[in-house]
Amino acid sequence: KIYSEEVDNSDEALLRLKTDCREDPTDPGKALLLAEAYLERDQAEDALKSLRKAVARHPPLRRNMDMIFAVANINLEQQNGAAAEREFEHAVSVEPDNVEA
C-alpha cells in the first residue's frame, strides 16, 4: 500500500477518484488514492501514469515526498530498478536532510 486508507477500487469509485484529481490537482492525497486503487486492480502501469498526470497538472507535486516514494516503490515492484533509483535520488535532492530519503 502506498496510502494508509482503504481504497474502493470499483469502476464507479475509480471514476470518482479520477474526477476528484482533475477538479483538485493540488491535492497529493487524491492522486495517491487513485494510484492505490489502480494498484489494487493490479494495474501498476496505470498507477504510474496517474501519478505522472498529477505532477503534469500541478508540478509542485514533483517535490512531494509521498508522491516521490510512491513512484519509486511502484517502479521497484515492476522490477524497474533504474527508474526507482532515479526517484530515490530525486528524493534526496528534494530533502537532503530527510532520513527516509
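In which helix is the place of Asp11? In this predicted model, Asp11 has its place in helix H1, and with a relative accessibility of 57% it counts as exposed, because the cut-off for that class is over 50%. The side chain of Asp11 is joined to that of Arg41 by a polar contact of 2.8 Å. Along the chain, Asp11 and Cys21 are ten residues apart, and in space their C-alpha atoms are separated by 15 Å.

From this exposed residue we can turn to the interior. In soluble globular proteins, nonpolar side chains tend to be buried together. Here the largest nonpolar core has 22 residues, and those with the most contacts inside it are Leu34, Ala47, Leu51, Met67 and Ile74. Helices H1 (11-23), H2, H3 and H4 are the elements that give two or more residues to this core, with H2 supplying the largest share, eight residues. Leu51 illustrates how such contacts are made, since, leaving aside residues up to four places away in sequence, Leu51 touches Ala31, Leu32, Ala35, Met67, Ala70, Val71 and Ile74. Another core lies apart from this one and has five residues, among them Ile68, Phe69, Ala91 and Val94.

Helix H4 deserves a closer look. This helix covers residues 65-77, and at 1.5 Å a residue its 13 residues should span 18 Å, which agrees with the 18 Å between its end C-alpha atoms. At the N-terminal end of H4, Asn64 acts as a cap, with a side-chain oxygen 2.9 Å from the backbone nitrogen of Asp66, while just after the helix Gln79 takes a positive phi of about 65 degrees. The buried residues of H4 include Met65, Met67, Ile68, Phe69, Ala70, Val71, Ala72, Ile74 and Asn75, and the partners against which the buried residues of this helix pack are helix H2 (28-40), helix H3 (44-57) and helix H5 (81-94).

The link between H4 and H5 can also be followed through aromatic rings, for which the count comes to one pair. The ring centres of Phe69 and Phe88 are 6.0 Å apart and their planes meet at 45 degrees, so the pair is classed as tilted. Because Phe69 lies in helix H4 and Phe88 in helix H5, the pair ties together parts that are 19 residues apart in sequence. As for their surroundings, Phe69 counts as buried at 15% relative accessibility, whereas Phe88, at 25%, counts as partly exposed.

Technical notes:
Residues are numbered from 1 along each chain as its sequence is written. This is a predicted model: local features need pLDDT of at least 70, side-chain atom pairs count only at pLDDT 80 or more; totals for chains, interfaces and linings use all residues. Side-chain values use heavy atoms; hydrogens and water are left out. Helices (H or I, at least four residues) and strands (E, at least two) are DSSP runs, numbered from the N terminus. The expected span of a helix is 1.5 Å times one less than its number of residues. Buried means under 20% relative accessible area, exposed over 50%, partly exposed in between (1.4 Å probe, protein chains only). Contact means heavy atoms within 4.5 Å. A polar contact is a pair of N or O atoms within 3.5 Å; within protein, one must be able to donate a hydrogen and the other to accept it, and residues adjacent in sequence count only if both atoms are side-chain atoms. A nonpolar core is a set of buried Ala, Val, Leu, Ile, Met, Phe, Trp, Tyr and Cys residues joined through side-chain atoms within 4.5 Å. Rings of Phe, Tyr and Trp (its six-membered ring) pair if their centres lie within 6.5 Å; planes under 30 degrees apart count as stacked, over 60 as edge-to-face and the rest as tilted.
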